[in-house]
Amino acid sequence: MMAKLWICLLLELCSMLDTINGYYMERRSECIYSSRDLSDMVYIDSAIFNKIRYRWFNSTVGKFQGYTQHGIYNAERFNNDTDYMQRERADVDAFCRHNAQIYYTAIIDKTVEPQVEVKSVKQSHGSQPAVLMCSAYSFYPKFIKVTWMRNGKEVEGDQTSTEEMANGDWYYQIHSHLEYMPKSGEQISCVVEHASFKQPMEYKWDPSASAPDKSKIAIGASGLVLGIVLSAAGFIYYKKKASGRILVPT
Ligand SMILES: *[C@@H]1O[C@H](CO)[C@@H](O)[C@H](O)[C@H]1NC(C)=O
Ligand SMILES: *[C@@H]1O[C@H](CO)[C@@H](O)[C@H](O)[C@H]1NC(C)=O
């Protein structure tokens, strides 16, 4: 019993399934909190049978409450057991705060700064707007806010943001697009807010930085052309040789 309870608490969810009869027994331990100092911690311990919660403990209330006849009887029985109640009430500290503190120090407090890049995706053409993309890479934890500033004012609408995407290695990335009609002399920047920063970080868009992108495309394109020419030459050479060889025996 002790060992099972301990595993339940550790996994925060413990289920026993009787597949033959279709009965489903669940014991759920939840630690609910939002403040970093864990002062608002609430411990909820529920017993659920076939999706119906029949007994639960809420650490703010400090005792068990029952729903069905069985649940009411059980809640009363537990509430009468002073030793058990002492342990149940202690779990808000011993289980919830204890584990939450470990999660904070081992995971949540360990932040990694995003690497941010602002670049042009599409240049403006007549009435077609230009598109900029602000990408934040390799950050942790997941929660991040990316906004755009134009001449010192936050841009509303016109921006689309993809969700934070998991890299699969605990790090995340996000990409935000801004559609806009360029005006000369304006200043555009991408603002990133993240737990790893003490304050929001501003990344200015530098229109002259779009040139290297074009040269990269040019280098890539010439590489492709060269590759096609060389493989075509190689293929023709091979064909000539091959047909030459076949001619000899016939
Ligand atoms: C726990 O009990 C308190 C006090 O009655 C209540 O405000 C709170 O909503 C309960 N928590 C949950 C998760 O039901
Ligand atoms: C709980 O204690 C009260 C008072 O001592 C008693 O009347 C009641 O029968 C007990 N309930 C259970 C389920 O043991």
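What follows is a short dialogue on reading a predicted protein model, with its disulfides and its two ligands.

Me: Before any details, how many helices and strands are in the protein?

Reply: This is a predicted model, so keep that in mind throughout. The protein has four helices and 14 strands. Of its 250 residues, 30% are buried.

Me: What about the surface: how much area does the protein expose, and what share do carbon and sulfur atoms supply?

Reply: The exposed area comes to about 17000 Å², and 59% of that is supplied by carbon and sulfur atoms.

Me: And contacts along the chain? What share join residues at least 24 apart?

Reply: Start from contacts between residues at least 6 apart in sequence; 48% of these join residues at least 24 apart.

Me: Let's do cysteines. How many disulfides does a search of the whole structure find?

Reply: The idea is to look for cysteine sulfur atoms within 2.5 Å of each other. Here the search turns up two disulfides. Number the bonded cysteines in sequence order and the pairing reads 1-2, 3-4.

Me: Take the one at Cys31. Which residue is Cys31 joined to?

Reply: Cys31 is joined to Cys96, with 2.2 Å from S to S. The torsion about that S-S bond is -80°, making the link left-handed. Cys31 sits in strand E2 (residues 23-32) and Cys96 in helix H3 (residues 82-108), so the disulfide ties together parts 65 residues apart in sequence.

Me: Buried or exposed, or something in between: how do I class Cys31?

Reply: Use relative accessible area: under 20% is buried, over 50% is exposed, and partly exposed is in between. Cys31 has 22% relative accessibility, so Cys31 counts as partly exposed. Its partner Cys96 has a relative accessible area of 1%, so Cys96 is buried.

Me: Now the other pair. Why is the disulfide of Cys134 and Cys190 left-handed?

Reply: Read the sign of the torsion: about the S-S bond of Cys134 and Cys190 it is about -75°, so this disulfide is left-handed. The S to S distance is 1.9 Å for Cys134 and Cys190. Cys134 belongs to strand E7 (residues 130-139) and Cys190 to strand E13 (residues 188-194), so the pair links distant parts of the chain, 56 residues apart. Both Cys134 and Cys190 are buried.

Me: On to ligands. Which residues surround ligand 1?

Reply: To read a shell, list the residues with a heavy atom within 4 Å of the molecule. For ligand 1 these are Ile32, Ile44, Trp56, Asn58, Thr60 and Val61. Taken alone, ligand 1 has 360 Å² of accessible area, and the protein covers 43% of it. By class, the shell around ligand 1 has four nonpolar residues, two polar and no charged.

Me: How far is a polar side-chain atom of Asn58 from an oxygen atom of ligand 1?

Reply: That distance is 2.3 Å.

Me: And which residues surround ligand 2?

Reply: Ligand 2 has Tyr73, Glu76, Arg77 and Asn80 around it. On its own, ligand 2 exposes 360 Å², of which the protein buries 40%. This shell divides into one nonpolar, one polar and two charged residues.

Me: Where should I look for polar contacts to ligand 2, say from Glu76?

Reply: Check N or O pairs within 3.5 Å. A polar side-chain atom of Glu76 is 2.9 Å from a nitrogen atom of ligand 2. Asn80 is another place to look: an N or O atom of the Asn80 side chain lies 2.2 Å from an oxygen atom of ligand 2.

Methods
Residues numbered from 1 in each chain as written. Chains lettered and ligands numbered in written order. Predicted model: local features only at pLDDT ≥ 70, side-chain atom pairs only at ≥ 80, totals over all residues. Heavy atoms only, no water. Polar contact = N/O pair within 3.5 Å; in protein donor to acceptor, adjacent residues only side chain to side chain. Areas by Shrake-Rupley, 256 points an atom, 1.4 Å probe, with all protein chains shown as cover. Nonpolar A, V, L, I, M, F, W, Y, C, P; charged D, E, K, R; others polar. Helix = DSSP H or I, 4+ residues; strand = E, 2+ residues; numbered from the N terminus. Buried < 20%, exposed > 50% of the residue type's maximum accessible area, 1.4 Å probe, protein only. Contact = heavy atoms within 4.5 Å.
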